[in-house]
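Please open the structure in your viewer and keep the selection panel at hand. The tour below goes stop by stop, saying what to select and what is found there.

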Amino acid sequence: MLKKKIDLLEIALIAFMAVTVIFTAMAAGYDQRIFLIQLVITAGVLTFGIWRLLAARRDSRNFLEYIGGMLGAVKSDALIKFPMPVAVTNEDGEIIWSNGLFHENVMKGEEAFGKKVDEVLENYDFEKVFAPGGCEVKCHGGSHSVCATVSEDMGEKLFALYFIDRTNERYVEKLYDESRPAVLSIALDNLEELFANCKESEKSWIKGEVEKLFEDFVAENHAFLKRNSSSKYVAVVEEKYLRKMEEERFSILDRARKILTSDELPVTLSIGVARGEYPLDKLNEISLQALEMALGRGGDQAAVKSINGFEFYGGYAKGVEKRTKVKTRVIAAALCDLIESCSNVLVMGHRFGDLDCIGAAVGMAEAVRDMEKSSHIVVNRETCLAKPLIDKTEKAGNLELFISPDEAKELVNEDTLLIVVDTHLRSLLESQDIYAKCRNVVVIDHHRRMIGSIDNAVIFYHEPYASSASEMVTELLQYFDSRCKVSKAEAEALLSGIMLDTKSFSMRAGVRTFEAAAYLKKMGADTVKVKELFSGSLQSYQHRSKIVSTAEIYRGCAISFAKSYDDIGLVAPQAADELLSIRGVASSVVMYKTPVGVSFSARSLGGMNVQVIMEALGGGGHQTMAGAQIPDITAQEAKERLFAAIDDYYEKAAGHADQ
């Protein structure tokens with residue numbers, strides 16, 4: 001307002017002086033005396049005008065300086081008495097001023113003057129403090145959000161930092177996060193087998209030890225535990241105690257394993273864990289799914305399900321064979337009903353099908369035909385590793401049994417039943433297009449459960465304790481319709497699958513495995529004819545010998561990187577099996593280059609769980625037989641990752657042994 005008045009005064013004075021000069025000039029033409037008088041008056045007016053103008057400017061400047069002084073005092077006082085902690089830094093990040101709240105609430109009485117702000121404040125980020133919301137820092141145990149403004153004083157930039165106390169909020173967040181409930185579904189997964197040969201007194205002792213184990217578990221973790229049956233429990237714990245269990249890698253599994261029967265059989269637990277921001281009923285449902293996953297992977301482990309997927313702990317002990325066949329009879333009856341109600345059946349296995357995959361498929365497809373239903377086996381002959389079995393089956397008279405994926409697509413309709421054997425993973429199917437087109441799906445598999453399994457199966461027959469898919473199919477056929485008669489060719493196909501996965505009954509062969517083999521022998525299987533299916537060419541034998549001869553041993557694991565032979569898919573697992581015969585070798589891995597990356601074929605005698613090692617590389621399988629494939633990787637990088645996975649396995653196994 002004052003500046004506006006000064007501007008108007010300047011305009012008025014200039015106008016007045018202009019008019020005066022004009023009149024003076026006009027007077028000069030009429031009278032010399034009048035001109036002189038007018039000139040004196042004009043000079044006086046000009047002098048007065050200039051004086052007034054200079055005085056007005058001086059008064060304006062003094063007034064503005066006065067107002068500026070007052071505002072500076074107000075600004076300084078406002079910062080000092082600001083109801084939030086404030087600190088000022090220079091361009092070098094040194095704290096040159098702060099108010100009392102910063103000294104008391106942020107620094108907790110410690111002197112901050114002259115110190116670098118990023119040394120005083122943990123997680124300080126100069127760029128983020130100018131962003132909306134600022135950045136969060138920690139100082140002396142407190143949490144604060146920091147926002148900043150910038151100003152200039154005598155050419156130097158100064159930064160004002162404003163602090164909002166978040167300590168209480170973070171405490172409440174932490175309290176909420178740590179006290180969230182997690183639900184654990186726990187199963188004694190081998191109780192029936194433990195009690196099979198125990199005396200009543202020993203049964204009571206085992207039950208007492210198990211009860212004591214759970215009592216200690218409840219006390220350590222402040223948990224709620226309820227027994228649902230003789231072998232099933234449900235527990236509720238807070239998130240902070242669940243994290244402690246994870247840090248200890250669920251030591252309860254190791255403590256349970258130390259409870260032994262007189263036959264030296266250990267008690268094993270399977271645990272399914274659900275965590276996250278769900279209602280308790282949903283957590284209970286998820287924990288049961290996680291328990292199913294743990295059991296499907298062979299038991300003796302914990303499966304933790306969160307929004308990020310599954311994490312697994314344990315799984316180092318050998319699985320215990322289930323001797324009951326009640327489930328097999330129930331599955332067989334349900335499968336027969338499905339077959340009767342469908343229009344046609346397609347049987348499909350995994351890519352690069354082996355003898356177990358094709359053998360199980362032959363047994364199932366022929367049984368369906370015995371029930372007077374159309375059935376075919378979907379297989380890609382170009383990539384199949386069991387071509388001798390396909391040729392043998394076709395020579396026996398089954399010329400139209402095997403069809404390609406393209407031919408199979410033409411046979412799919414709304415009532416088609418797809419039976420998947422020897423895999424439960426969508427990504428490994430011979431044809432995912434056929435799977436996507438079929439509404440009715442049945443899965444028969446023995447591999448340990450993995451993430452990415454088929455989740456829409458009408459029947460999901462999964463038995464990780466079985467030696468092979470061929471063994472499972474053999475058991476099912478014994479409870480099928482009376483019209484189903486196992487022929488000699490079918491029996492030999494199924495027996496070849498069992499012999500492949502058990503290494504001729506030396507690995508993973510249980511009581512039920514020999515019972516299935518005895519049944520197939522009874523049905524006319526010729527072991528000599530079956531052995532011929534394992535015969536290879538001289539070239540394959542030479543390739544296998546070269547792979548074995550170039551192996552090196554790392555921490556009890558024989559490792560060989562093979563050349564990419566034409567038959568490498570068949571030779572690599574055979575070489576891995578042969579490497580196990582070397583003294584001091586507990587496991588073996590054969591690596592070979594493929595067009596998309598590097599593949600791994602792993603085998604074990606049971607002392608080392610190669611499934612865990614292969615899972616670390618993105619693969620999976622069984623405790624004694626597993627594989628993996630890593631895309632876009634060099635041979636050296638693949639070798640380094642394998643060594644790291646072996647090291648990690650031993651570190652975790654050592655941790656379990658110490659607990």
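How many disulfides does the count come to? The count comes to 0 disulfides, and the model in which they were sought is a predicted one. While cysteines are in mind, select Cys438, which is buried with a relative accessible area of 3%, and then Cys557, which at 1% relative accessibility also counts as buried.

Turn next to the charged side chains, where the structure holds 33 salt bridges. Side chains of opposite charge can pair when their charged atoms come close.

Select Glu169 and Arg170, whose side chains meet in a salt bridge at 3.9 Å from N to O. Glu169 counts as partly exposed at 37% relative accessibility, and Arg170 is likewise partly exposed, with a relative accessible area of 24%.

Move on to Glu238 and Lys240, where the side chains form a salt bridge with an N to O distance of 3.9 Å. Here Glu238 is partly exposed at 29% relative accessibility, and Lys240 is partly exposed at 36%.

Now select Lys392 together with Glu492, a salt bridge in which the closest N and O atoms are 2.3 Å apart. Because Lys392 lies in helix α13 (residues 387-395) and Glu492 in helix α17 (residues 488-502), the pair ties together parts that are 100 residues apart in sequence. Lys392 is partly exposed, with a relative accessible area of 25%, whereas Glu492 counts as buried at 2% relative accessibility. Then select Asp177, Arg180, Glu239, Arg243, Glu246, Arg275 and Glu277 as a group, since salt bridges that share partners join these residues into one network.

For the last stop, switch to a cartoon view and look for the open sheet of 6 strands, which run in the order β18-β19-β20-β21-β23-β22 with mixed pairing. The edge strands, each pairing on one side only, are β18 (552-554) and β22 (620-621).

Within this sheet, select strand β20 (residues 587-594) and strand β21 (residues 597-604), which pair in the antiparallel sense over 8 bridges. To follow this pairing at the level of residues, pick Val590, whose bridge partner in β21 is Ser601. Finally, add helix α21 (residues 568-579), which lies across β19 (557-562), β20 and β21 and runs at about 160 degrees to β20.

Definitions and conventions: Residues numbered from 1 in each chain as written. Predicted model: local features only at pLDDT ≥ 70, side-chain atom pairs only at ≥ 80, totals over all residues. Heavy atoms only, no water. Salt bridge = Lys/Arg side-chain N within 4 Å of Asp/Glu carboxyl O. Buried < 20%, exposed > 50% of the residue type's maximum accessible area, 1.4 Å probe, protein only. Helix = DSSP H or I, 4+ residues; strand = E, 2+ residues; numbered from the N terminus. Disulfide = S-S within 2.5 Å. Pairing = 2+ DSSP bridges. Contact = heavy atoms within 4.5 Å. Axes fitted to C-alpha atoms, helices over the stretch in contact; angles between N-to-C directions.
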